[in-house]
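Me: I would like a close look at a single part of this protein, the sheet and whatever packs around it. Could you walk me through that part slowly, in connected prose?

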Amino acid sequence: MIIVTLQRDKCIGCNYCAEFAPEFFRMSKKDGKSVLLKSIDKKGFHTMKTPQYDASESCDRAAKACPVNIISVKEN
């Protein structure tokens with residue numbers, strides 16, 4: 001299981017996550033911040049769990065590219 005977490009409140013809208021992992025991230029037209037698709041919001045931490053192990057590679061690239069380090073990827 002891959003667990004991806006986004007601290008959306010700290011997002012600066014750089015768009016790197018949506019470029020590196022477009023199947024998991026989108027940019028909001030409303031406020032310009034990143035949206036982690038199919039995630040659950042819990043006190044500002046948006047978390048998505050997926051059995052797709054290919055998610056690890058693209059989301060990990062997005063996490064490394066994020067200039068404010070608000071994306072984490074864990075394998076469970």
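Reply: Happy to: what follows starts with the sheet, moves to the helix and core, and ends with the cysteines and a few loop residues.

Please keep in mind that this is a predicted model. The sheet is an open one of four strands, in the order 4-5-1-6, with antiparallel pairing. Its edges are strand 4 (40-42) and strand 6, each of which pairs on one side only. From one strand to the next, the twist averages 25°. As general background, strands of a sheet pair through backbone hydrogen bonds, either parallel or antiparallel.

Let us begin with strand 1, which spans residues 2-7. Five of its six residues are buried, so this strand is mostly covered. One of its pairings is with strand 5 (residues 45-50), antiparallel and over six bridges. To find that pairing on your screen, look for Gln7, whose bridge partner in strand 5 is Phe45. Strand 1 also pairs with strand 6 (residues 71-75), again in the antiparallel sense, through five bridges. Here a handy marker is Leu6, which stands opposite Ile71 of strand 6.

Moving out to the edge at strand 4, you will find three bridges joining this strand to strand 5 in an antiparallel pair. Within that pair, Asp41 stands opposite His46 of strand 5.

Thr50 is a residue of strand 5 that deserves a pause. Is Thr50 buried or exposed? Thr50 has 7% relative accessibility, and because the cut-off for buried is under 20%, Thr50 counts as buried. Its side chain reaches the backbone nitrogen of Gln52 at 3.2 Å. Setting aside neighbours within four places in sequence, Thr50 is in contact with Met1, Ile2 and Ala55.

Now for the helix that packs on these strands. Helix 2 (residues 54-65) lies across strand 1, strand 5 and strand 6, and runs at about 150° to strand 6.

That brings us to the core. The largest nonpolar core has 17 residues, and those with the most contacts inside it are Val4, Phe24, Phe25, Leu36 and Ile71. Strand 1 and helix 2 each supply at least two residues of this core. Which element gives the largest share of this core? The answer is helix 2, with four residues. In general terms, nonpolar side chains in soluble globular proteins tend to be buried together.

Ile71 is a good residue to centre your view on. Apart from neighbours within four places in sequence, Ile71 is in contact with Val4, Thr5, Leu6, Cys17, Phe25, Cys59, Ala62, Ala63 and Cys66. Two of the names in that list, Val4 and Phe25, are also among the residues with the most contacts inside the core.

With cysteines in that list, you may wonder about disulfides. How many disulfides are there? The count comes to zero. Cys11 is in no disulfide, and the nearest cysteine sulfur, that of Cys17, is 6.1 Å away. Looking from the other side, the sulfur of Cys17 has its closest cysteine sulfur in Cys11, and because a disulfide needs the two sulfur atoms within 2.5 Å, a separation of 6.1 Å is too far for a bond. Both cysteines are buried: Cys11 has a relative accessible area of 11%, and Cys17 has one of 6%.

Last come the loops. Asn15 sits in the loop between strand 1 and helix 1 (16-20). Although Asn15 is not a glycine, its phi is positive, at about 80°. Asn15 is partly exposed, with a relative accessible area of 28%. Lys38, found in the loop between strand 3 (34-36) and strand 4, also has a positive phi without being a glycine, in this case about 55°. At 80% relative accessibility, Lys38 counts as exposed.

Ser28 lies in the loop between strand 2 (25-27) and strand 3. With 17% relative accessibility, Ser28 counts as buried. The side chain of Ser28 reaches the backbone nitrogen of Lys30 at 3.1 Å. Not counting residues up to four places away in sequence, Ser28 touches Arg8, Lys33 and Val35.

Conventions: Residues numbered from 1 in each chain as written. Predicted model: local features only at pLDDT ≥ 70, side-chain atom pairs only at ≥ 80, totals over all residues. Heavy atoms only, no water. Buried < 20%, exposed > 50% of the residue type's maximum accessible area, 1.4 Å probe, protein only. Pairing = 2+ DSSP bridges. Axes fitted to C-alpha atoms, helices over the stretch in contact; angles between N-to-C directions. Contact = heavy atoms within 4.5 Å. Polar contact = N/O pair within 3.5 Å; in protein donor to acceptor, adjacent residues only side chain to side chain. Core = buried A, V, L, I, M, F, W, Y, C linked by side-chain atoms within 4.5 Å.
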